[in-house]
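Reader: I'm new to this one and a bit lost. Could you pick one part, take a close look at how its pieces fit together, and walk me through it?

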Amino acid sequence: MLKIKVLGVGCANCKKVEEVTRQALTYMSLQAEIIKVTDHAEIMNYSILSTPGLVINEKLVCSGRIPSQTELTTWMADAEMEAE
Amino acid sequence: MIDTIASFLLPLIESGWLSLLDYLAAHVLLCLLPAFVIAGYISAMIPKEVITRYLGPRAPRYISYPAAAIGGFVLAVCSCTILPLFAGIWKRGAGLGVAVTFLFVGPAVNILAIAYTGAAIGMDIAIARIVLSIVFGIGIGLIMAGLFRKEETDRAAKMADSGLFDQQVSLKPALWIVFLLLIAILLVGTLKVNLLTTTWIALHLPVEIPASLSTLLAGLNLTAQGALLILMLILTAPAAYLGLENVLIRFNRWTYVSILLMAFTLLLAAPAMSEGSLVIGIAGRFVGELILLLVTGIVAVHSFERQELANWMWETWKFIKQIFPLLVLGVFLAGVIKSIIPGTLIQNLTGQNTLWANLIAVLFGVFMYFPTLVEVPIARMFLELGMNRGPLLAYLLADPALSVQSILVTSKILGRRKTIAYVSLVTIFSTLAGYIFGLVLTIL
């Protein structure tokens, strides 16, 4: 199962990232655990300049913007393959 | 008893309503609507690396400080994004001074603040806000860097190079072309220049407004144009919601409808129309806006992919959702409060440009929290109640930087000592800046 972290303190973009991520998961019929990271210090651990940030299986895939469905499905497929 | 309550409330509501009308006037819409679109554009299309590469510890100070000050225009399009960005920049390795400069200057130089301050209060205040923010912001940054030099050198030594400041980025030329076109739309809509304002053709509308309607409009203090604009806003809002809320997933027909409605609103606001008459003045402004809107549309659709356009619309919509309702509420409340606060109080405290008056204005900004951009209608209210322009500028400089809420967040990022230093410096410099501005105005 994928471990996904959404980094952000609750702004509209952070919520959008979670929303589009869930949509991609549904589209791919994948299970994932989604954790919302809102603590500033923890977010800083991931080297991003501006929120939102998206981390899949501890790999930072996107920051500062909202990824497209195409990108999300590619990253998720990659993460699934690497996990095997 | 109902009578007395009503007679108390009605003037208040009327005052709020009149303020709101003034705010929704054509010239403010002509400035805010393009400003939101530009803000969305900068946020979606211009990567922050364009500026951050100049903010790193290796950049010479004569580059990094001005970049932090002026780059605020590209880095943060709204005061709400400044604190998180400041945290990111500082923690990722920029010097304390550089980051603090950005923190102070940001609220003054972002596109929304400039556009709205210019339209609602006056370009003189907007420009003064920008120039004095930059000058004093760099000063505050340098002082902070000097005060905490030892801590910063220790911190820099401990930090592995984050790589944030080495990123190169190349941007396609179309990006800058569309950007300039958007700025042109904003300027053509708002500049009071003869070329734009002289009426070329005066069109007489071939319709009759029924007498009851025109008395209603006059009673509400609306011109026909003003009423139509409000109607447009009411129509555009649900269309925008339907078309833009999920624009990142797909475009639907409401997306196109809402874009057309917004363009039409701009065109509707462009001609000059006087109260009670049915004569529309087609001036350079209208023709200019029409041409610019068409050209921008064509170039944008031609140069950008669907996803990029979607990102742009999403960011624009995000800002509108976040800011516009609060702004409307803020303007209305400012109108209400204006009729409650005695003008003599404001005049006594801040009517003259003294150091004391400027300090009072700054302190008021500290203790009153207003959501982003709302400090502008509040400032306008003070102006109308009699505040001198010097203390007014001091208030505008200090308020976004120093609300109780932003001080708390800054303290969590920087720690108490640095925050105390920052707050003191901002208070002193804002007071001085306002005072100097007031003096300069008397000389000019």
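Author: Domain bounds here come from an automatic or database domain assignment. Keep in mind too that this is a predicted model. Let's look at chain B and how it is put together.

The assignment splits chain B into domain 1, made of 2-44 + 172-207 + 219-338, and domain 2, covering 343-443. Take the C-alpha centres of domain 1 and domain 2 of chain B, and you'll find them 29 Å apart. Where do the two meet? Nine residues of domain 1 of chain B are in contact with 10 residues of domain 2 of chain B. On the domain 1 side, the top contributor is helix α17 of chain B (residues 306-338), which gives eight residues. By class, that side of domain 1 of chain B has seven nonpolar residues, one polar and one charged.

Now for helix packing inside domain 1 of chain B. Helix α11 of chain B (residues 173-190) packs against helix α16 of chain B (residues 284-303) at about 160 degrees, and their axes are 9 Å apart. Since angles over 145 degrees count as roughly antiparallel, that makes α11(B) roughly antiparallel to α16(B). Their crossing is left-handed. From α11(B), the residues making the contact include Ile177(B), Leu181(B) and Val188(B), while those from α16(B) include Leu292(B), Val295(B) and Val299(B). Put the residues of this contact of α11(B) with α16(B) into classes and you get 13 nonpolar, four polar and two charged.

Over in domain 2 of chain B there's another pair to compare. Helices α22 (residues 404-414) and α23 (residues 416-443) of chain B pack at about 135 degrees, with axes 7 Å apart. α22(B) and α23(B) are therefore oblique to each other, and their crossing is right-handed. Here Ile407(B), Thr410(B), Ser411(B) and Leu414(B) of α22(B) meet Arg416(B), Lys418(B), Thr419(B), Tyr422(B) and Val423(B) of α23(B). That contact of α22(B) with α23(B) divides into four nonpolar, three polar and two charged residues.

Last stop: the neighbouring chain. Chain B puts 17 residues in contact with 14 residues of chain A. On the chain B side, α6 (82-91) and our old friend α17 each supply at least two of those residues. The chain B side that touches chain A has six nonpolar, six polar and five charged residues. As for chain A itself, the average pLDDT is 85, and 100% of the residues score at least 70.

Definitions and conventions:
Residues numbered from 1 in each chain as written. Chains lettered and ligands numbered in written order. Predicted model: local features only at pLDDT ≥ 70, side-chain atom pairs only at ≥ 80, totals over all residues. Contact = placed C-beta atoms within 7 Å. Helix = DSSP H or I, 4+ residues; strand = E, 2+ residues; numbered from the N terminus. Nonpolar A, V, L, I, M, F, W, Y, C, P; charged D, E, K, R; others polar. Axes fitted to C-alpha atoms, helices over the stretch in contact; angles between N-to-C directions. Parallel < 35°, antiparallel > 145°, perpendicular 65-115°, else oblique. Left-handed = near helix turned anticlockwise from the far one by under 90°. pLDDT = per-residue confidence, 0-100.
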